[in-house]
Amino acid sequence: MTLLRVDGLTKSFKGLRAVDDVSFEVAEGSILGVIGPNGAGKTTMFNLVAGALTPDAGTVHLNGTNITGQPPHRILTAGMARTFQLMRPFYSMSVLENVTVAVLAGGGARRSARTAAADLIERVGLGEWRDAASEGLPTAALKRLELARALASRPRVLLLDEVLAGLVPAEREPVMDLLDELRNQDGVTLVFVEHIMAAVMRLSDSVLVLDLGRVLTTGAPREVTRDPRVVEAYLGEEPSAQG
Ligand SMILES: Nc1ncnc2c1ncn2[C@@H]1O[C@H](COP(=O)(O)OP(=O)(O)O)[C@@H](O)[C@H]1O
Ligand SMILES: [Mg+2]
């Protein structure tokens with residue numbers, strides 16, 4: 001069953017078509033990897049899908065309901081959460097406070113919010129940082145905090161914008177295991193933007209390639225990464241670039 005359907009999504013910034021007629025579908029319980037060089041429009045596409053930006057044209061349907069142009073909190077309530085490439089927790093709050101706020105924002109009950117938050121913190125492997133100030137957390141911990149906050153609303157669809165960027169390989173493994181587990185055990189549908197190809201190959205059921213705002217190709221990970229057009233789009237890119 002198609003859980004997320006994007007049709008003809010388009011957005012320009014002062015004449016630049018950052019996202020240009022992008023369409024794709026994501027089946028419930030599947031993982032779609034989104035790749036493309038810096039500036040391809042990946043983050044803008046997430047912003048359009050999650051309601052942070054309003055598209056110039058096109059539609060987004062979640063579970064058959066048209067959610068195009070809805071504000072982010074409505075989309076969250078409808079079952080779709082996202083992480084930000086540039087993380088933005090409340091830096092004045094502790095890790096536990098941040099996740100508690102996210103549980104409440106996601107419609108969680110006040111009485112159980114702290115317990116739910118503490119459970120999530122354990123689940124993403126942030127236990128030792130639970131009562132630490134969010135300010136000054138190492139990148140790997142901030143990424144996990146971002147993930148815990150996104151999971152706090154118990155989403156059916158989770159959009160992940162470069163959650164592995166800036167992590168050393170040993171830090172990536174447990175995050176990839178968690179994403180696998182979210183899909184396999186919790187049935188969460190994942191759409192993830194990622195530059196780290198090993199993660200794209202391991203996790204994705206299918207891959208969408210964006211270039212210059214448009215869909216260059218889509219298909220099975222192995223086919224897509226062998227496509228000469230994809231290789232060409234990446235020429236000159238830093239393999240570990242964070243765009
Ligand atoms: N708020 C904005 N205002 C103007 N231009 C933007 C804005 N956001 C993104 N862009 C431009 O849109 C293009 C796509 O950016 P982005 O979606 O961040 O790409 P990616 O995430 O694939 O690296 C880039 O050329 C970028 O400079
Ligand atoms: Mg980006």
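A pocket here is an open set of grid points with protein on both sides within 12 Å along at least five of seven lines, and its lining residues have an atom within 4 Å of a point. With that in hand, here's a quick tour of this predicted model: two pockets, a strand hairpin and an open sheet. The largest pocket holds about 490 Å³ of space, and the second largest comes in at about 400 Å³.

**The largest pocket**
- Its lining takes in 21 residues, and the ones nearest the centre are Pro 72, Leu 76, Arg 82, Phe 84 and Arg 149.
- By type, the lining of the largest pocket splits into 14 nonpolar, four polar and three charged residues.
- Four elements each chip in at least two lining residues: α2 (72-78), β6 (80-82), α3 (95-105) and α5 (139-151).
- Where does the largest pocket lie relative to the domains? Domain 1 (1-79 + 155-243) and domain 2 (89-152) both give residues to the lining, so the pocket lies between them.

**The second largest pocket**
- This pocket has a volume of about 400 Å³, and 15 residues line it, with Leu 120, Arg 123, Leu 151, Ala 152 and Arg 154 closest to its centre.
- α4 (113-123) and α6 (169-186) are the elements that give two or more residues to this lining; α4 gives the most, with four residues.
- The lining of the second largest pocket breaks down into eight nonpolar, three polar and four charged residues.
- Domain 1 (1-79 + 155-243) and domain 2 (89-152) each supply at least three residues to the lining of the second largest pocket.

**The β1-β2 hairpin**
- Strands β1 (residues 2-13) and β2 (residues 16-27) pair up antiparallel, with eight bridges between them.
- If you want a landmark, look at Val 6, whose bridge partner in β2 is Phe 24.
- Two residues sit between the strands of this hairpin, and Lys 14 takes a positive phi near 45°.

**The open sheet**
- Six strands line up in the order β6-β7-β8-β3-β9-β10, with mixed pairing.
- β6 and β10 (214-219) are the edge strands, each pairing on one side only.
- On average, neighbouring strands of this sheet are turned by 15° against each other, ignoring direction.
- Strands β7 (residues 157-161) and β8 (residues 189-193) run parallel and are joined by five bridges, with Val 157 standing opposite Thr 189 in β8.
- Helix α1 (residues 42-49) packs on the sheet, where it touches β3 (31-35), β6, β7, β8 and β9 (206-211). The direction of α1 makes about 150° with that of β7.

Conventions:
Residues numbered from 1 in each chain as written. Chains lettered and ligands numbered in written order. Predicted model: local features only at pLDDT ≥ 70, side-chain atom pairs only at ≥ 80, totals over all residues. Heavy atoms only, no water. 1 Å grid on protein atoms, 1.4 Å probe; cavity = no way out; pocket = protein on both sides within 12 Å on 5 of 7 lines; lining within 4 Å. Points joined across faces, edges and corners; volume = space filled by probe spheres on them. Nonpolar A, V, L, I, M, F, W, Y, C, P; charged D, E, K, R; others polar. Domains from an automatic or database assignment. Pairing = 2+ DSSP bridges. Axes fitted to C-alpha atoms, helices over the stretch in contact; angles between N-to-C directions. Contact = heavy atoms within 4.5 Å.
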